[in-house]
Amino acid sequence: MNILIARFNHETNTFSPVPTPLSAFSPAYGRAAYEADKGMRTAMAAFIELAEACGATLVTPVSATANPSGVVSAQAYEEITRRIVDAVPGCDAILLDLHGAMVAEGEPDGEGALLERVRAAAPGVPIGVALDLHGNITPRMVRNADVMVGFKTYPHVDMYETGEHAGRLLLEMLRGEARYTVCWKRLPLLINTLRSSTLSGAMKAAVEAAKGLERAGLPAVTVFGGFSLADIAEPGMSVVATSRVDQCAAAQDAVDALAARIWAERADYGYDNEPLATSIRRARALAAGATRPVLLLDHGDNCMSGGTCDTMDVLAEALAQGLTGIAVGPICDPEAVAQLVAAGPGKAVEVALGNKAPLTAIGRNTPPLRLRGVVRAVSDGAYTITGPIYRGQRVHMGRTVCFDIGAAQIVVVEQTHEPMDLGVFQCVGIDATAFAYLLLKSRMYCRPVFGPLSSGLVECDSGGVTTADHTRFRYRNVVRPVYPFDPM
């Protein structure tokens, strides 16, 4: 029994200027792909363990994942897709760890096109897919998968469990115990990513309803929040179920009912974006008398949604309002890193920091922030994640510097990076718990680790390419009408 297992992950922000070449995926091939995921907290890792437990021969053509960024280059997309499709012949089952919101040059439906090619190469072979909660589900994706399961958490902490769920159902098909199909309902609803958290609110209620349908007998039900920063024809929310073929009609009724409930509550998926100056004043009030840091979460420049990780608005406003005791991280500025490393630890230096990536898609051109300070430490920016998201994975930020400007200590790095772990600060000797404020380039991924260490959090909009204010984006391809842009 041969089982093909592969990983190809990318969430594409079509407004992001950050390029996505093949190198961004750091692809591993063959045995190296197996070793890259074995024992990790990924869906592919779960696929591997399930396949090995049933004595299957594994075919692992590729494991490739890149941080969210701009449109995937045609060369990268074709190279990784070809590796997967070429490995299909001779396989008895296929398990793919995908994202669901990939856009490539010339192909706005990255996963749909991939699955279509896989299906054409393997007619009749069962295909199972694990997806991110923020997947933009398309008809081609649904037509070409037998099993489809998505994350039920945001912040995402159930990647492995999602893979185990999808893999278990697919192995039931392979053993002849069941025949599955996918049914779905898409909603013309662009929700704000900050309202797709499963910790509270309408999204939590929707996910709980999906879990209830699973307890009632449906093999798998997922509420996909979609990814609204993809300017494609039909991004947005959907409800997807994996159903037994002979129960498809009842499953579709359940999916339609849950989708109708979400639509009735569509106003609850919007986000009121407050002015940055107001957010900083609110943070200062929270910090008064607090014994733990206040989190300043820069949702307008979140690299895990395609942000450049270099907008300086939040720090500039915090300094303008007189805040001190701030740890900031990370700011991606390779040019500044080179200058700071050349100066060396203990040296005073003035740099033009951040605001260097062109934000032409949203019409922004802000000069760098000129800051004078002391280089406190330099490291290779490598650390092992200890928190619940990708625990055990070794990550690299490139050369990393602690730059002390007095009011703030800033982690400056060569590569965009989500601050999901204390290692972002610890790798340059910063104790993040010792500060009054932590300014993090993050929306959600930081919360499982930094939330419990803080006295509160304030969401701050730097006005970058992941801003919660969707009126700043010029959508050209989205099919209208769509809520909330149109009255519906």
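F15, F473, Y475 and F485 come together as one aromatic cluster. The model is predicted, so local features need pLDDT of at least 70, side-chain atom pairs count only at pLDDT 80 or more, and totals for chains, interfaces and linings use all residues. Residues are numbered from 1 along each chain as its sequence is written, and side-chain values use heavy atoms, with hydrogens and water left out.

**Exercise 1.** Classify the pair of F15 and Y475.

*Solution.* Start with the rule: rings of Phe, Tyr and Trp (its six-membered ring) pair if their centres lie within 6.5 Å; planes under 30 degrees apart are stacked, over 60 edge-to-face, and the rest tilted. Here the centres are 5.2 Å apart and the planes stand at 80°, so F15 and Y475 are edge-to-face. Next, place them in the chain: F15 is in the loop between β1 (2-9) and β2 (28-29), while Y475 is in the segment after β20 (456-460), 460 residues apart. Strands here are DSSP runs (E, at least two residues), numbered from the N terminus.

**Exercise 2.** Now do likewise for Y475 and F485.

*Solution.* The centres are 5.3 Å apart and the planes at 50°, so this pair is tilted. Both residues lie in the segment after β20, ten residues apart in sequence.

**Exercise 3.** Which of F15, Y475 and F485 are buried, and which partly exposed?

*Solution.* Buried means under 20% relative accessible area, exposed over 50%, partly exposed in between (1.4 Å probe, protein chains only). F15, at 6%, is buried; Y475, at 14%, is buried too; F485, at 27%, is partly exposed.

Note on methods. Helix = DSSP H or I, 4+ residues; strand = E, 2+ residues; numbered from the N terminus.
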